[in-house]
Amino acid sequence: MSSIVYQTNKQTGITYAYESVSYWDKEKKQPRSKRQYLGRVDPETGDIIRKKDKKTDSAEMVVGSVDLPALKKEIENKDKIIADLQKALDDANKKYDELAEKVRTVHLSVAKEFSDV
């Protein structure tokens, strides 16, 4: 069973968050726990600001809340991609319609030539 443990440093006043996992120690025949550091606790929001993760490019990641500026930028990028794709699709449909009209015109002229013969 795991839980989140909060520990405050009395000298700095900074609160740290740890994941605590309990297990049974067979040799000592008593419960023990292992803790893994999660990060600092934001004093204003209470969210855990994760430690630097080697797998990610960002130095800190906010847990429990949304990074609104980054989310807004991502949505704007995706909206631009959607707009570009829509324009490309409209252009392709226009070209398709032009080609279809040319084929129809050629087909009618060939059919007229054969009907006159």
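Two residues are in contact when heavy atoms of the one lie within 4.5 Å of heavy atoms of the other, and this meaning of contact will be needed at several stops of the tour. The structure on your screen is a predicted model, so the values below are computed from it.

**The whole chain**

Begin with the complete protein in a cartoon view, where you can count one helix and five strands. If you follow the chain along its sequence, these elements come in the pattern β-β-β-β-β-α. Switch on the surface next: the protein exposes about 10700 Å², and carbon and sulfur atoms supply 56% of that area. Of its 117 residues, 8% count as buried. Among the contacts with a separation of 6 or more, residues 24 or more positions apart account for 13%.

**Serine 33 and its neighbours**

Select S33, which you will find in strand β3. Is this residue buried or exposed, or something in between? With a relative accessible area of 43%, S33 is partly exposed, because that value lies between the 20% limit for buried and the 50% limit for exposed. Now display what surrounds it: leaving aside residues up to four places away in sequence, S33 touches S20, V21, S22 and Y23. For a distance to check in the viewer, pick the C-alpha atoms of S33 and E19, which are 14 residues apart along the chain and are separated by 9.8 Å.

**The tyrosine rings**

Select Y16, Y18 and Y37 together, since these three residues form one aromatic cluster. The structure holds two aromatic pairs. One of them joins Y16 and Y37, with 6.2 Å from centre to centre and 50° between the planes, and this pair is tilted. The pair links distant parts of the chain, for Y16 belongs to strand β2 (residues 15-25) and Y37 to strand β3 (residues 30-41), with their positions 21 residues apart. Y16 is buried, with a relative accessible area of 18%, whereas Y37 counts as partly exposed at 30%.

Keep Y37 selected and turn to Y18: why is the pair of Y18 and Y37 called edge-to-face? The ring centres of these two residues are 5.7 Å apart and their planes stand at 65°, and an angle over 60 degrees is what counts as edge-to-face. Y18 lies in strand β2 and Y37 in strand β3, so this pair ties together parts that are 19 residues apart in sequence.

Two charged side chains can be added to this view. The charged end of R35 sits over the ring of Y18, 6.0 Å from the ring centre. In a similar way, the charged end of K34 sits over the ring of Y23, at 5.3 Å from its centre.

**The start of the helix**

Move to helix α1, which covers residues 68-116, and select L68 within it. This leucine counts as exposed, because its relative accessibility is 56% and the limit for exposed is 50%. Add L71 and I75 to the selection, and you have the residues that, with L68, make a nonpolar surface patch of about 270 Å².

**Salt bridges along the helix**

How many salt bridges does the structure hold? There are five salt bridges, and the tour now stops at some of them.

Select K80 and D84, which form a salt bridge whose closest N and O atoms are 3.2 Å apart. Because K80 and D84 are four residues apart in helix α1, about one helical turn separates them. K80 is exposed, with a relative accessible area of 53%, while D84 counts as partly exposed at 43%.

Continue to K87 and D91, whose side chains meet in a salt bridge at 3.3 Å, N to O. These two residues are also in helix α1, and being four residues apart, K87 and D91 are separated by about one helical turn. K87 is exposed with a relative accessible area of 52%, and D91 is partly exposed with 36%.

For the last stop, select E101 and R104, where the side chains meet in a salt bridge of 2.9 Å, N to O. Both residues lie in helix α1, three residues apart, which is about one turn of the helix. E101 is partly exposed, with a relative accessible area of 39%, and R104 is partly exposed as well, with 44%.

Technical notes: Residues are numbered from 1 along each chain as its sequence is written. This is a predicted model: local features need pLDDT of at least 70, side-chain atom pairs count only at pLDDT 80 or more; totals for chains, interfaces and linings use all residues. Side-chain values use heavy atoms; hydrogens and water are left out. Patches are made of residues with over 30% relative accessible area and no salt bridge: like charges are joined within 9 Å, nonpolar side chains (Val, Leu, Ile, Met, Phe, Trp, Tyr) within 5 Å. Accessible areas come from the Shrake-Rupley method with a 1.4 Å probe; for residues, only the protein chains shown count as cover. A salt bridge is a side-chain nitrogen of Lys or Arg within 4 Å of a carboxyl oxygen of Asp or Glu. Buried means under 20% relative accessible area, exposed over 50%, partly exposed in between (1.4 Å probe, protein chains only). Rings of Phe, Tyr and Trp (its six-membered ring) pair if their centres lie within 6.5 Å; planes under 30 degrees apart count as stacked, over 60 as edge-to-face and the rest as tilted. A charge sits over a ring if NZ of Lys or CZ of Arg is within 6 Å of the ring centre and within 35 degrees of the ring normal.
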